[in-house]
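Student: Please take a close look at a single part of this model for me. I would like one connected account, with the cut-offs spelled out.

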Amino acid sequence: MSDDVRPGQAAGSPPARVAVTDDAAALLVRLRDKHGDLMFHQSGGCCDGSSPMCYPDGDFITGDADVHLGDLAIDSFTVPVWMSRSQFEYWKHTHLTIDVVPGRGAGFSVEAPEGVRFLIRSRLFTDDEWELLRD
Amino acid sequence: MTVYAAPGTEGAIASFRPRYDHWIGGEYVPPANGQYFENPTPVTGRTFTEVARGDADDIDRALDAAHGAAPAWGRTSVTERAIILNKIADRMEEHLEELAVVETWENGKPVRETLNADMPLAIDHFRYFAGAIRAQEGSISEIDGDTIAYHFHEPLGVVGQIIPWNFPILMAVWKLAPALAAGNAVVLKPAEQTPTSILFLMELIADLLPPGVVNVVNGFGAEAGKPLASSSRIRKIAFTGETTTGRLIMQYASQNIIPVTLELGGKSPNLFFSDVAAARDDFYDKALEGFTMFALNQGEVCTCPSRALIQSDIYRDFLADAVARTEAIKQGNPLDTDTMIGAQASNDQLEKILSYFDIGRAEGAKVLTGGHRAELEGDLAGGYYVTPTIFEGKNEMRIFQEEIFGPVVAVTEFADFDDAIKIANDTLYGLGAGVWSRSGSDAYRAGRAIEAGRVWTNNYHAYPAAAAFGGYKGSGVGRENHRMMLDHYQQTKNLLVSYSPNKLGFF
């Protein structure tokens, strides 16, 4: 896993909930050339679940049942990251980094034909970060 | 003990073609775009065949074939359709061992499971729906003395089915058998991790089904799954997989106003009440096996009993025995009939499981056994193996809330009945659950209180036809494995008939 590309947050502002590795960011650049603007929706459940799904932006309709976790800043564009609100209740104490690994299945996620799969790496927010997020 | 030779090697009872095209109109058809993708076996990580990489053009051709076949197939008598389903079952039974080896090579699961569970269940499923369709009757309602409502079952027409990779043939058969019994034609997309064994089956039964009644298009979800699920030329879509894709499929279905059935996984609680340990007898032994069922099929089961809840007063002793039982699991060559746990189905699946080991530890869960990748030797060194793992922690931890889809169980304790039910139901999902107790009334009350579609009581991981299977809450919509599945593949035609010679008198 490579370092986060996301720059650090200004002191006092809430920390970002999501980040992306260099490898995943490079892949997003290539995927955007092919598919246009992109989005992530974090999946739950079986088979290819518990994984971030990447779609052409707007292909997956988000609504009140979803939480917008943040936007990944990739070069000249951003990629919004979403999760269902019910799932967020169980995930909210963890910081998520979107990484990429060699792999195959991916539901309808657009990276699968490249022979790779986006993967979530998680860490707990620190107490300081958690204080800022709760404000 | 038997060790089957790897497909394609000397002494093997089954072999694969070097390349597989789509199965459309009863024959192999090359992909319109000429592209193929490699299919590795999880057993060794090495590619054993290549498979057509379908796209919207191939889905269209498969839909053409299905629409060509559907009217005549829908008009066949239920007797004829039942005979065909029974013949498919007989043919599979004659080739059970081959199919089992093929499925193990495709998916990585132990051959003792494919020999004794996957294939026998798939065979029985065709026989069950052959019987169910013969026994199905329409109904009449007598509105009044001269007015009768007749209800007929009619096939939907052409339906789409998207199959998961954890039981490639069995999950395909769960969907195919009722759809075919009900008189529908099918376009089926297997998972891209396991595209081949279903084609092996289609070839085996090719002479039994009219061309075009079942069509198989392989490819990636974004390229082949999406055009199938969003097509205006299907009358229903069935999907087994995860929640985001499930929602996406519902969104597509809403655009065409077609029904969906969804099976989207779970985080199934397995409850062990105090009286389980009242004696060290056969029942106690059975309960320990029930705990260890989390490792069945490498944990790649939507109903994996991945949360074990144990009553406080037996917690320490029962858990110690459960750890010992788990450590006795024999991992190795999936083609060895003594092997109890095989390979995870894909590299990304392996990576995901390892990432959950990280988050589990970070959240403070304690690893009681396992917690790492299993390094096997020789040919198996490139395969995707994980050591069966027991975490001890709290239900709010992410390893208790997310489906890891690996041989991983998260264990916690409960104080009393109400506490057990509260923890069991504190989940987004409601597919399966297990209840273990010597008290019939306690077990019954627990089973009724748990919000899940299937509560195994003093057993686990049995999947007989005639027991309805499906989810509450986020686990999906619809039921499989039961004759009520026929309703998911049929329209209701109502003829409302007046036998009265008299006008209403309105006009």
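Tutor: Start with how the contacts of chain B are spread along its sequence. Residues 24 or more positions apart account for 72% of the contacts in chain B with a separation of 6 or more. Two residues are in contact if their C-beta atoms, placed from the backbone, lie within 7 Å.

A word on the source. This is a predicted model, in which local features need pLDDT of at least 70 and side-chain atom pairs count only at pLDDT 80 or more, while totals for chains, interfaces and linings use all residues. Residues are numbered from 1 along each chain as its sequence is written, and chains are lettered from A, with ligands numbered from 1, in the order in which they are written.

Now the overall build of chain B. It has 15 helices and 23 strands. These are DSSP runs, numbered from the N terminus: helices are H or I with at least four residues, strands are E with at least two. The C-alpha trace of chain B spans about 80 × 60 × 40 Å along its principal axes. For 507 residues, a compact globule would have a radius of gyration near 23 Å; chain B has 24 Å, which agrees. That radius is taken over C-alpha atoms, and the globule rule is 2.2 Å times the number of residues to the power 0.38. Of the 507 residues in chain B, 57% are buried. Buried means that 20 or more other C-beta atoms, placed from the backbone, lie within 10 Å of the residue's own.

Next, the division of chain B. Domain 1 covers 57-264 + 475-493, and domain 2 covers 269-457. The bounds come from an automatic or database domain assignment. Between the C-alpha centres of domain 1 of chain B and domain 2 of chain B the distance is 31 Å.

The two domains do touch. In chain B, 15 residues of domain 1 are in contact with 22 residues of domain 2. On the domain 1 side of this chain B contact, helix H3 (96-107) and helix H4 (111-135) each supply at least two residues. By class, that side of domain 1 of chain B has four nonpolar, seven polar and four charged residues. Ala, Val, Leu, Ile, Met, Phe, Trp, Tyr, Cys and Pro count as nonpolar; Asp, Glu, Lys and Arg count as charged; the others, Gly among them, are polar.

How values were computed. Buried ≥ 20, exposed ≤ 12 C-beta atoms within 10 Å, placed from the backbone.
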